[in-house]
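Visitor: Could you walk me through this one? I'd like to hear the reasoning behind each label.

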Amino acid sequence: MTATLDRITRVEISSVTLPLPTAISDAKVLTGRQKPMTEVAVLFAEITTASGLEGIGFSYSKRAGGPGQYAHAREIAPVLIGEDPSDIAKIWDKLVWAGASVGRSGLSVQAIAAFDVALWDLKAKRAGLPLAKLLGAHRDSVRCYNTSGGFLHAPIGEVVERAAESVAGGIGGIKIKVGHPDNAVDLARVSAVREEIGDGAALMVDANQQWDRPTARRMCRALEPLNLVWIEEPLDAYDFEGHAALASNFDTPIATGEMLTSAAEHRELIRAGGADVVQPDAPRVGGITQFLKVMSLADDRNLQLAPHFAMEIHIHLAAAYAREPWVEHFEWLDPLFGEHLRIESGRMHLSPRPGLGVTISDQARAWTVARHEVRA
Ligand SMILES: [Mg+2]
């Protein structure tokens, strides 16, 4: 039997500006480090092969960085032409070497991520399988929690109302933002949501890196009685030692990792013992190929996994993780896709469609601000 070969004949990249319905604030805005977020820049990659298959992938940037990701992707895209799309590891290396001068983390690998995700989508479509099943799934649904209702720009009454709506709609947990300059405000907001959803419901908080070590210790202690599923990013994302100390001194699990932009950075976090719950983000670490390395590192240490954002990709990866993970529910990207994930009984369900199971919507095409095509 001979191997099935194919080759990449066309690559299209597009930059889409997704407007958000309201300006979003987390603790980084309250400490003055960032402005409220009004849009998300999404980088799509569409890869077509000689045999007529097509893969779709995406990466993204919040606030600055979208035009830079697009420009880097445009420069390195010609490297893909003529390659067998099944040779994903080889192609990742070629893409990273093409831009080696600007490094193997951050913006350069986030541009590669769009291509890498498209190649995995294409491979799963070739196999006629949802991506999770191609990877080797443990489950066909994953626990999910909502984040989008719990930001700091929303008054507590609205946060409580959104939490109740989400739970009634079948969500499995609620995460709210903390990191208000007045710690008492945080504690009152978390207590109000706990009271609304009940003692047994899954509740998480996220400080978006805005506490210093003494504040984080004080808050972790104050929050212990609230029986949270985790406390997320209590400290600067690169303070691995600080996170490790919190993880060993308190019962509430510590979650972090969303800001890290390579598998190598996750390796350092995990080696330091800085996370009970690892939160990699496939677009941020360079795509699925790199995310799988992080999953393996986390699994070695028996850690929990809760990927950050981009649920359309992460449901497949979480479904393939050994320990029961959590997927983060954000409806923000819904308008970009023709299909939407089903949430029921606390869980997000994999669709039976092959690949990622999504197509790019007409709305996404209408929001496209730049487009470039490379052909064989
Ligand atoms: Mg977070």
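**The metal site and beyond**

Guide: Sure. This is a predicted model, and the magnesium ion has as protein donors D206 (OD), E232 (OE) and E258 (OE), which lie 2.0 to 2.2 Å from it.

Visitor: What makes D206, E232 and E258 donors of the magnesium ion?

Guide: The cut-off for a donor N, O or S atom here is within 2.8 Å of the metal. Those oxygens lie 2.0 to 2.2 Å from the magnesium ion, so they pass.

Visitor: How are the donor residues spaced in sequence?

Guide: The pattern reads D-x25-E-x25-E. D206 belongs to strand β6 (residues 202–206) and E232 to strand β7 (residues 230–232), so this pair ties together parts 26 residues apart in sequence.

Visitor: Why is D206 called buried?

Guide: Buried means under 20% relative accessible area. D206 has 0%, so it counts as buried. E232 has 1%, so the label is buried there too.

Visitor: And A322, why is that one called partly exposed?

Guide: Partly exposed runs between the buried limit of 20% and the exposed limit of 50%. A322 has 35% relative accessibility, so it counts as partly exposed. A322 sits in the loop between α13 (311–319) and β11 (326–329).

Visitor: Which residues is A322 in contact with, leaving aside its neighbours within four places in sequence?

Guide: H138, R139 and D299. Contact takes heavy atoms within 4.5 Å.

Visitor: How do you know that β1 and β2 pair?

Guide: Pairing needs at least two bridges. Strand β1 (residues 8–24) and strand β2 (residues 37–49) have 12 bridges, in the antiparallel sense, so they count as a pair. I24 stands opposite M37 in β2.

Visitor: What is the strand order in the open sheet of 4 strands?

Guide: β3-β2-β1-β14, with antiparallel pairing. β3 (54–62) and β14 (368–375) are at the edges because each has a single partner strand, so one side of each is left without a neighbour in the sheet. From one strand to the next, the twist averages 15°.

Visitor: Which helix lies across β1, β2 and β3?

Guide: Helix α4 (residues 107–127), running at about 150° to β3.

Visitor: How much space lies in the largest pocket?

Guide: About 420 Å³. The largest pocket is lined by 26 residues, and the closest to its centre are Q34, K62, R63, M259 and R284. The elements giving two or more residues to that lining are β3 and α4, and β3 has the largest share, with 3 residues.

Conventions:
Residues numbered from 1 in each chain as written. Predicted model: local features only at pLDDT ≥ 70, side-chain atom pairs only at ≥ 80, totals over all residues. Heavy atoms only, no water. Donors = N, O, S within 2.8 Å, 3.2 Å for Na, K, Ca; no water. Buried < 20%, exposed > 50% of the residue type's maximum accessible area, 1.4 Å probe, protein only. Axes fitted to C-alpha atoms, helices over the stretch in contact; angles between N-to-C directions. 1 Å grid on protein atoms, 1.4 Å probe; cavity = no way out; pocket = protein on both sides within 12 Å on 5 of 7 lines; lining within 4 Å. Points joined across faces, edges and corners; volume = space filled by probe spheres on them.
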